[in-house]
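Here is a short walk through one structure. Keep the sequence and the 3D view at hand as you read.

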Amino acid sequence: MAGGFGVGKTTFVGAVSEIAPLSTEELLTTVGAATDNLDGIENKVETTVAMDFGRITLDPEHVLYLFGTPGQQRFWFMWDELSEGALGAVILADTRRLEDCFAAVDFFEQRGLAFIVAINDFDGGYRYDPAEVRAAIDLDPHIPVVRCDARISSSGVQTLLTLVRHLLAHAPATAPSHGAHT
């Protein structure tokens, strides 16, 4: 899970995780006030300083381990560690502050890591069509853009299923096994 500051990554992980999520939330302080832009998220009182972690079992053979990145630029050094070995990512987008997801898109594109974009529907926010968001972010047509509500488990699960389907659809074909002996 990646995206800008206050986009709902911690909420998403908490809503879908089947275990009590690990969270590194800390209170926002006056020290961070100079660097933390709270425009549009004035009621935010905590922030992730390292990561969020959760787990969800899709079926007996498929378990997703969820890592939520910190959103503030001063903690972006964690992104490399958290994406190590990842198969894919969900970038949460807040249409009230869409430019905050550009860095996440650039990060995953530069690393060649598959991702989808999930528009987190905030109360009171304008409901842009996924095609409008795709155009605004300048995404390739094959990258899924979906709507979600990070607070609702079923919405988060559907978002994760979209990511899994996207990964499977774009997985390299495996070569048939030759020389197998019976």
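Rings of Phe, Tyr and Trp count as a pair if their centres lie within 6.5 Å. Planes under 30 degrees apart make a stacked pair, planes over 60 an edge-to-face pair, and the rest are tilted. Keep in mind that this is a predicted model.

Start with the aromatic rings. Across the whole structure, a search finds four aromatic pairs. One of them joins Phe-53 and Tyr-65. Their ring centres are 6.2 Å apart and their planes meet at 10 degrees, so this pair is stacked. Phe-53 sits in strand 3 (residues 46-59), while Tyr-65 belongs to strand 4 (residues 62-68). The pair therefore ties together parts that are 12 residues apart in sequence. Tyr-65 has a relative accessibility of 52%, so it counts as exposed.

Phe-53 has another partner, Phe-67. Here the centres are 5.0 Å apart, the planes stand at 55 degrees, and the pair is tilted. This pair also links strand 3 to strand 4, and its residues are 14 apart. Phe-67 is partly exposed, because its relative accessibility is 32%. Put the three residues together: Phe-53, Tyr-65 and Phe-67 form one aromatic cluster.

Now turn to the parallel sheet. Which order do its four strands take? They run 1-5-6-7 and form an open sheet. Strand 1 (2-3) and strand 7 are the edge strands, each pairing on one side only. At one edge, strand 1 pairs with strand 5 (residues 88-93) in the parallel sense, over two bridges. Ala-2 stands opposite Ile-91 of strand 5.

At the other edge, strand 6 (residues 114-120) pairs with strand 7 (residues 145-148). This pairing is parallel too and has four bridges. Look for Ala-118, whose bridge partner in strand 7 is Val-146.

A helix completes this part of the picture. Strand 6, helix 4 and strand 7 make a right-handed β-α-β unit. Helix 4 lies across both strands and runs at about 125 degrees to strand 7. Look next at the two ends of the helix. At the start of helix 4 (residues 130-137), Asp-129 offers a side-chain oxygen that comes within 2.9 Å of the backbone nitrogen of Ala-131. Just after the helix, Asp-138 adopts a positive phi of about 65 degrees.

Conventions:
Residues numbered from 1 in each chain as written. Predicted model: local features only at pLDDT ≥ 70, side-chain atom pairs only at ≥ 80, totals over all residues. Heavy atoms only, no water. Phe/Tyr/Trp six-rings, centres within 6.5 Å; stacked < 30°, edge-to-face > 60°. Buried < 20%, exposed > 50% of the residue type's maximum accessible area, 1.4 Å probe, protein only. Polar contact = N/O pair within 3.5 Å; in protein donor to acceptor, adjacent residues only side chain to side chain. Pairing = 2+ DSSP bridges. Right-handed = clockwise from strand over helix to strand, strands pointing away. Contact = heavy atoms within 4.5 Å. Axes fitted to C-alpha atoms, helices over the stretch in contact; angles between N-to-C directions.
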